[in-house]
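Trainee: I've got the coordinates loaded and I'd like a close look at a single part. Pick one and walk me through it, with the cut-offs spelled out as you go.

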Amino acid sequence: MALVYWTKDLDTGIADVDEQHKILVDHFNKLDDAFQSGSYEATKKELQDLIDYTVYHFREEEKMLEEAKYRMTEPHKKVHANFIKKMTDLQARFENRDIAAVKEVLDLCDGWLFRHIHLNDHGYVADVKASGVR
């Protein structure tokens, strides 16, 4: 059962960004399913997959912002870096058998992802589209 759902208000209108965001939601839900199953190994795998895909998505998004010469690229990168740091810190706790760290990852992602898309990502859409990059 999905913990979070994609809604149309999250669409940026930039096809590859929206597709990547939907994949992030899918990874997030897979992590929740693994966590709910009680399987340490499945949870560990899904957590790593979520982090790996998040890093990939951020890298792609940052390249797009740089190509578009978006004025807020550096602050946007800092937001991404802080999020990855939190995720990897929680992953380290989980791998030291602090099972509650996964619940913190789920709580962090649940609020952060949607806020980030609504505030930060929707903030660059007009500039990216005007640049002709996407």
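Mentor: Let's start with burial: a residue is buried under 20% relative accessible area, exposed over 50% and partly exposed in between, using a 1.4 Å probe and protein chains only. With 4% relative accessibility, Phe58 therefore counts as buried. Before going on, some housekeeping. This is a predicted model, so local features need pLDDT of at least 70 and side-chain atom pairs count only at pLDDT 80 or more, while totals for chains, interfaces and linings use all residues. Residues are numbered from 1 along each chain as its sequence is written, and side-chain values use heavy atoms, with hydrogens and water left out.

The part I'd pick is helix H3, together with what packs on it. Helices here are DSSP runs of H or I with at least four residues, strands are E runs of at least two, and both are numbered from the N terminus. H3 covers residues 73-95. Its 23 residues should span 33 Å at 1.5 Å a residue, and the end C-alpha atoms are indeed 33 Å apart, so the two agree. (That expected span is 1.5 Å times one less than the number of residues.) The 28 residues of H2 should span 40 Å at that rise, and its end C-alpha atoms sit 41 Å apart, which agrees too.

Now the packing. H2 (residues 40-67) meets H3 at an angle of about 170°, and their axes are 11 Å apart. The axes are lines fitted to C-alpha atoms, for helices over the stretch in contact, and the angle runs from 0 to 180 degrees between N-to-C directions. That angle makes H2 roughly antiparallel to H3; the cut-offs are under 35 degrees for roughly parallel, over 145 for roughly antiparallel, 65 to 115 for roughly perpendicular, and oblique for the rest. The residues of this contact split into eleven nonpolar, eight polar and six charged. In that count Ala, Val, Leu, Ile, Met, Phe, Trp, Tyr, Cys and Pro are nonpolar, Asp, Glu, Lys and Arg are charged, and the others, Gly among them, are polar.

Which residues of H3 are buried? They are Thr73, His76, His80, Phe83, Ile84, Met87, Leu90, Gln91 and Phe94. As for the spacing, an α-helix has 3.6 residues a turn, so residues three or four places apart point the same way. The cover over the buried residues of H3 includes H2 and helix H4 (100-131).

Take Gln91 as an example: this H3 residue is buried, with a relative accessible area of 9%. Leaving out residues up to four places away in sequence, Gln91 touches Leu47, Gln48 and Ile51, where contact means heavy atoms within 4.5 Å.

Next, the rings. Phe, Tyr and Trp rings (the six-membered one for Trp) pair if their centres lie within 6.5 Å, and planes under 30 degrees apart count as stacked, over 60 as edge-to-face and the rest as tilted. The whole structure has six aromatic pairs. One of them, Phe58 with Phe83, is edge-to-face, at 6.1 Å centre to centre with 65° between the planes. Phe58 is in H2 and Phe83 in H3, so the pair ties together parts 25 residues apart in sequence. Phe83 is buried, at 5% relative accessible area. Tyr70 and Tyr124 also make an edge-to-face pair, because their ring centres are 6.1 Å apart and their planes lie at 75°. Here Tyr70 sits in the loop between H2 and H3 and Tyr124 in H4, so parts 54 residues apart in sequence are tied together. Both count as buried, Tyr70 at 10% relative accessibility and Tyr124 at 0%. Phe58 and Phe83 also join Trp112 in one aromatic cluster.

Finally, the two ends of H3. Most residues other than glycine have a negative phi. Lys69, just after H2, takes a positive phi of about 55°; this residue of the H2-H3 loop is exposed at 72% relative accessibility. After H3 comes Arg97, with a positive phi near 70°. Arg97 belongs to the loop between H3 and H4 and is exposed, at 56% relative accessible area. Arg97 is also among the contacts of Tyr40, along with Phe94, Glu95 and Ile99, leaving aside neighbours within four places in sequence. Tyr40 lies in H2 and is buried at 16%.
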